[in-house]
Amino acid sequence: MEGAADAFCCAGCEMAYAIIRGAGLERYYAEREAFAPRPEPLVEAWATVPTEPRADGTHEARLQVDGLRCASCVWVVERVLEQAPGVRDAHVSYASGRATLRWDPAATDLGTLAGRIAALGYRPRALGAERRVDRGLLYRLGVAAFAAAGVMLFYEGLYAGWWYGAIDPGFAALFRWASLALATPVTIWCASPFFAGAWNGLRHRVLHMDLPIAAGIAAMYAHGAAAALLGRDGYLDSLTMLVAFLLAGRVLEAHGRRRAADAAVALVASAPRAARRATAAGLETVPVSALRPGDVVDVGAGEELPADGIVTEGAGQVRVALLTGEAEPAMVAPGERVHAGTVLVDGALSVRVEAVGAGTVLRRMAARLEAAADRGARPTSLDRIAPWFTAATLLVSAAVFLGWWRGAGVDAAVAHTVAVLVVACPCALALSHPLAATAGLGAAARRGLLLRSPDVLAEVADVDLVVLDKTGTVTEGALVVLEADDAALRIAAGLERYSHHPIARAVVAEASRRGIPLPRGEGVREEPGAGISGRVDGRAWRLRSGGPGLLLLEGDDGARHLLRLGDAVRADAAATIAALRREGLEVVLLTGDHAEAAWRVATTAGVSHVVARVGPGEKAEWVEARRGEGKRVLFAGDGLNDGPALAAADVGIAMAAGAASSVLVADGVISTASLAPILAARRAARAARRVTRTAQRHSIAYNVLAVGAAAAGVMSPLVAALLMPLSSLVVLWGAARVEALVRREEACRG
C-alpha cells in the first residue's frame with residue numbers, strides 16, 4: 001500500500017515499489033483495480049508423476065527421498081508409510097535413496113504419501129530430477145568446523161591455565177562466554193538435523209537413532225551454559241567438535257552412497273552421443289536419439305557402437321567387456337548381432353539398427369539394475385534393531401549418568417553419559433546387508449546377469465540344484481554348420497548367399513567365419529521345401545535335405561557332399577557346468593526334446609543327469625517336486641514353454657534373447673549369449689553374504705566394546721564422535737570389497 005505509513009508484506013514487495021516509484025510509474029498504484037496475486041507455496045505436482053497400474057488394482061511408483069542419513073531413517077520412513085491407509089507395500093533403499101510404493105488408489109494417492117515422507121523431515125521428489133549435493137549439510141559442516149576451531153583455541157587458553165598456573169579471571173570468563181557464543185549457533189542450527197530427526201521420530205512414536213545424539217548434544221550445551229554462568233569449564237569444545245565430526249561423517253557417507261548407486265547404474269554413460277548414418281547422399285552425423293530401426297550406421301575402428309543391430313557389411317573385432325566381462329575381443333561378421341556401448345577394436349562395420357535408446361541391451365541392463373538396487377532387502381531381525389537399540393542406549397545412558405553423578409559428580413556424569421549416547425550406533429549393523437547386496441547386484445550385472453532384487457541375490461547363494469533348458473540355453477538356439485569341408489561350403493554359400501532362409505544364413509555365416517570368399521551363383525532357383533539350385537563356377541549344383549540335420553550338395557557330374565547342421569552347444573557351457581559341479585551344485589538338463597538329442601548335448605556340455613520329453617507343465621511340476629524334496633532350485637530357460645518352470649523355481653533365470661514372456665516372469669535375465677553369468681552371480685552372492693556377516697560381527701563387537709568403554713569412563717565425547725561415523729564408513733568400505741572378492745575367486749578357480 002502507498003501513503004504516509006507505507007507497509008509491505010515482504011522485502012521483495014518493498015523493492016518492487018522502490019523500482020516502480022524510481023521509474024516514475026506511481027500511477028500504477030492509483031489505476032490498478034486489485035492487489036497483485038500472492039504467490040502460492042511451491043508444491044510439486046504429484047498428480048502428474050507417472051504411476052504404474054498393477055494387475056491387482058493397485059498403483060506403484062518410485063520416488064527419490066533426500067535427507068536419508070542412516071539405516072534407521074529408512075526404517076522410520078518404511079514404517080510410517082506402511083501405516084498409511086491404503087498402502088500395500090513400501091520399500092526404501094538406503095543404497096540409492098529411492099522409495100518404491102504400492103497403494104490402493106481408492107484409499108490414497110501419491111501426493112498424500114509424499115506428504116507423509118515430507119512430514120518426517122525428508123524431501124520426496126520425482127525420479128528424473130538431477131541429484132544434487134545436500135548444500136545445507138555442507139554449510140552446516142562448514143559453520144560447525146569454523147566454530148569448533150575457534151572454541152578449541154579458547155579452550156587451549158583455559159587448559160593452559162591448568163598446567164602453567166591460574167589464568168586471569170577476566171580472560172577465563174571471556175573465553176568461556178566467547179565459546180558459548182560460538183557453540184550456540186552450532187547447537188541450534190548446525191545440529192538441527194539431529195533434533196529434527198529425533199522430534200519427528202517421537203511424533204510418530206518411533207525411537208529414531210537421532211534421539212540419543214540429540215540428547216547428548218542438548219546435555220553438553222546445557223552443561224556448558226551452566227558452567228559459563230557459574231564460572232566453571234564445560235565441554236563446549238567437545239560439543240562443537242562432536243557436531244562437526246557427525247556432520248562430516250554424514251557428508252562422507254552420503255558421498256559413498258552416491259558413488260555406490262552411480263557405479264551400479266553408470267553403464268549408459270558408455271554409449272556414444274552421435275552416429276554416422278548412411279543416406280542416399282552419403283553419410284551424415286546425427287545424434288543417437290535421431291536414429292530409428294532400419295537405419296544403417298557406419299562404425300570405424302576405435303569407435304563405440306551407437307545402437308543395437310545386425311552387421312550388414314564389413315568385419316572386425318569388438319570389445320564386449322562392458323556387457324560380458326570378457327577381456328578378449330569378439331570377432332563379428334555380416335549377419336551377427338552387435339550392441340550399443342561396445343567398442344570396435346579394428347576393422348569397419350555397417351550396422352542395420354534394430355534398437356536405440358531405452359530398447360538397447362545397455363539401457364535395459366541399466367534400468368533393470370537400477371530397479372533392483374531400489375528394492376528393499378528381505379527383512380531380517382537386524383533390520384528392526386534400531387528402535388530397540390535406541391531404547392537400550394537411553395536406559396544405559398541413564399544408568400551411567402546416575403552412577404557417575406553419585407560417584408564423581410555432575411561433570412563426569414555428563415561427559416561419560418554423552419560419550420555413551422554418541423558412540424552407540426546400530427547403523428553399521430543395519431547397513432551391512434543392503435549395501436553389500438547392492439554391490440553384489442552390480443558385480444553380477446557387470447558379468448551379464450541382471451537380478452531383480454537383493455532377495456534374489458540371497459536366493460542364488462543358497463541354490464544347490466541348477467536346472468538348465470536345452471535349446472537356447474545350453475545351446476545357441478540357432479542353426480549352425482557343424483561339419484562341412486571348405487570346398488563344399490564354398491559352393492553351398494554361393495547358392496545361398498542371397499537367400500533369407502535360416503539354413504542359408506547358417507551356411508553363409510559359417511563361410512564368412514572361415515574367411516572363404518563367396519562365389520556368385522548364376523541362375524539360382526529356390527524351391528520351397530525342395531531346396532535350391534543354380535550354377536557356380538560354370539557347373540550346375542543342387543542343395544537339398546539329406547535327412548535330419550543333413551544337407552546334400554549334388555553336382556551335375558555326380559559329385560556328392562554332405563553338410564551337417566545343428567544347434568551348437570554354447571562355447572562356455574562345458575567349462576561353466578564343470579565349475580558349478582566343482583562348487584558342489586547338482587546340474588540337470590531338462591528338455592522337451594527327445595532323449596537322443598538331449599544326451600548328445602549333455603555329453604558335449606558335461607551334464608550327467610538328463611530329463612527328456614518333458615512338456616511345459618511337466619517342467620514346472622518337476623521343479624516343484626525337487627523343491628518339495630528340500631532342494632533350492634535355479635532354473636534357466638529361454639522359451640515360451642519355460643515360463644511355468646521359471647515361475648516355479650526358487651530362482652528363475654531367462655536368456656535375454658528368449659521369449660518375452662519368459663523374461664517377464666524371471667527373477668533375473670542373462671544379457672549375453674553365455675551360461676557363465678550364472679556362476680558369476682553365485683560368486684557375487686556368496687561374496688556379498690561374506691561381507692555382510694563380517695560387517696555384522698565387527699559392528700556387534702564395536703558396539704559392545706565402545707559402549708562399555710564409554711560407560712567405564714575411558715572414552716571422551718570427542719573420541720566417541722570420531723568412532724560413530726567411522727563404523728558406518730567401514731561398512732561402505734566392506735561393500736566395495738565385494739567386487740574384489742569376486743575377482744579373486746575368478747582368478748583362483750577360473
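How many bridges join strand S18 to strand S19? In this predicted model, six bridges link S18 (residues 539–547) and S19 (residues 550–555). The two strands run antiparallel. One pairing within this ladder involves Leu543, whose bridge partner in S19 is Leu553.

Both strands belong to an open sheet of six strands. The strand order is S15-S20-S19-S18-S17-S16, and the pairing is antiparallel. Strand S15 (475–483) and strand S16 (522–527) stand at the edges. Each has a single partner strand, so one side of each is left without a neighbour in the sheet. On average, neighbouring strands are turned by 20° against each other, direction ignored. Helix H17 (residues 486–496) packs on this sheet. The helix touches S15, S16, S17 (531–536), S18, S19 and S20 (560–569). The direction of H17 makes about 105° with that of S17.

Elsewhere in the chain, Arg140 is found in helix H5 (residues 135–164). Arg140 counts as buried because its relative accessibility is 18%, and the cut-off for buried is under 20%. A polar atom of the Arg140 side chain lies 3.1 Å from the backbone oxygen of Trp189. Beyond four places in sequence, Arg140 touches Trp189, Cys190, Ser192, Pro193 and Leu247.

Confidence was also examined along the chain. The average pLDDT is 77, and 77% of the residues score at least 70. Over residues 1–5 the pLDDT is below 50, and this stretch has five contacts beyond near neighbours in sequence. Residues 33–44 also stay under 50. For that stretch the model has four contacts beyond four places in sequence. Where pLDDT is low, the predicted coordinates should not be read in detail.

Key: Residues numbered from 1 in each chain as written. Predicted model: local features only at pLDDT ≥ 70, side-chain atom pairs only at ≥ 80, totals over all residues. Heavy atoms only, no water. pLDDT = per-residue confidence, 0-100. Contact = heavy atoms within 4.5 Å. Helix = DSSP H or I, 4+ residues; strand = E, 2+ residues; numbered from the N terminus. Buried < 20%, exposed > 50% of the residue type's maximum accessible area, 1.4 Å probe, protein only. Polar contact = N/O pair within 3.5 Å; in protein donor to acceptor, adjacent residues only side chain to side chain. Pairing = 2+ DSSP bridges. Axes fitted to C-alpha atoms, helices over the stretch in contact; angles between N-to-C directions.
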